[in-house]
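This briefing goes through selected backbone and burial features of the structure shown below. Please keep the model open while reading the points that follow.

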Amino acid sequence: MNKKDITILLVDDEPDILEIVGYNLTAEGYNVITAENGVDAVKIAKKKKPHLIILDVMMPEMDGIEACEQIRKLPDMQNTIITFLTARGEDYSQVAGFDAGADDYITKPIRPKVLVSKVKALLRRLKEEESSDNVVKIGTLVINRDEYKIIKDKKEIVLPRKEFELLSLLASKPGKVFKREDILDKVWGNEVIVGGRTIDVHIRKLREKIGDTSFKTIKGVGYKFVV
């Protein structure tokens with residue numbers, strides 16, 4: 001998918017942010033549309049069906065959290081990537097955002113180059129979804145689900161089944177934060193009763209084998225795979 005075919009909905013009640021962020025994303029070649037509040041954001045999302053939505057948390061009429069919840073209820077918006085703009089250190093907003101259905105967050109103050117890089121990382125997910133479901137390629141990492149095989153820097157890495165399934169889940173959507181309860185449900189299911197520490201142990205082992213910088217802990221929420 002070409003950049004010009006990717007629509008980004010930018011939502012913020014501050015004109016300066018809409019102008020600066022909108023300019024930088026447009027300069028990258030993306031199709032950018034804007035809204036100044038949550039109510040308009042929901043209406044535009046329903047009509048335009050953007051690939052990525054960047055939502056401010058604090059806005060008039062309807063805040064970003066409620067807007068995200070409303071957007072996620074739209075049938076065509078289940079797989080749309082949603083990221084929040086939050087002030088640094090706003091843990092409550094970040095957790096509330098994930099609970100509302102957000103995929104990630106970007107901290108303010110916004111640095112244009114960092115934001116553009118973040119947007120590119122989030123949008124890599126679109127490419128992954130367009131590729132084969134059974135073979136995932138991310139940089140030098142190749143995950144072959146059919147053969148339960150991992151290739152990293154052209155070298156095969158042997159992983160136990162649960163480590164493989166955990167890596168496969170996180171890497172299926174780079175940048176997306178997977179909540180701990182979702183990881184337990186999708187990787188362990190109803191097989192056995194396991195605690196949260198089980199995830200931590202498996203993540204530690206994956207960091208040792210795949211690379212520490214590939215996995216990021218989101219305090220109080222879960223984990224994500226970082227490109």
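Which residues of helix α7 (residues 180-188) are buried? In this predicted model, the buried residues in α7 are I183, V187 and W188. Because they cover an arc of only 80 degrees around the axis, these residues fall on the same side of α7.

**Helix α7 and its end**

- On the other side of α7, by contrast with the buried I183, V187 and W188, the residues D185 and K186 are exposed.
- The backbone just after α7 is also of interest, since G189 takes a positive phi of about 55 degrees at that point.

**Positive phi outside glycine**

- Y148, which is not a glycine, nevertheless has a positive phi of about 50 degrees, and this residue is placed in the loop between β7 (141-144) and β8 (149-152).
- The relative accessibility of Y148 is 42%, and because buried means under 20% and exposed over 50%, Y148 counts as partly exposed.
- K154 likewise is not a glycine and has a positive phi, here of about 70 degrees, and K154 is found in the loop between β8 and β9 (155-157).
- With a relative accessibility of 82%, K154 lies over the 50% cut-off and therefore counts as exposed.

**A cis peptide bond**

- K108 and P109 are joined by a cis peptide bond, for which omega is about 0 degrees.
- P109 itself belongs to the loop between β5 (104-108) and α5 (112-130).

Notes
Residues are numbered from 1 along each chain as its sequence is written. This is a predicted model: local features need pLDDT of at least 70, side-chain atom pairs count only at pLDDT 80 or more; totals for chains, interfaces and linings use all residues. Side-chain values use heavy atoms; hydrogens and water are left out. Helices (H or I, at least four residues) and strands (E, at least two) are DSSP runs, numbered from the N terminus. Buried means under 20% relative accessible area, exposed over 50%, partly exposed in between (1.4 Å probe, protein chains only). The arc is that of the directions from the helix axis to the C-beta atoms.
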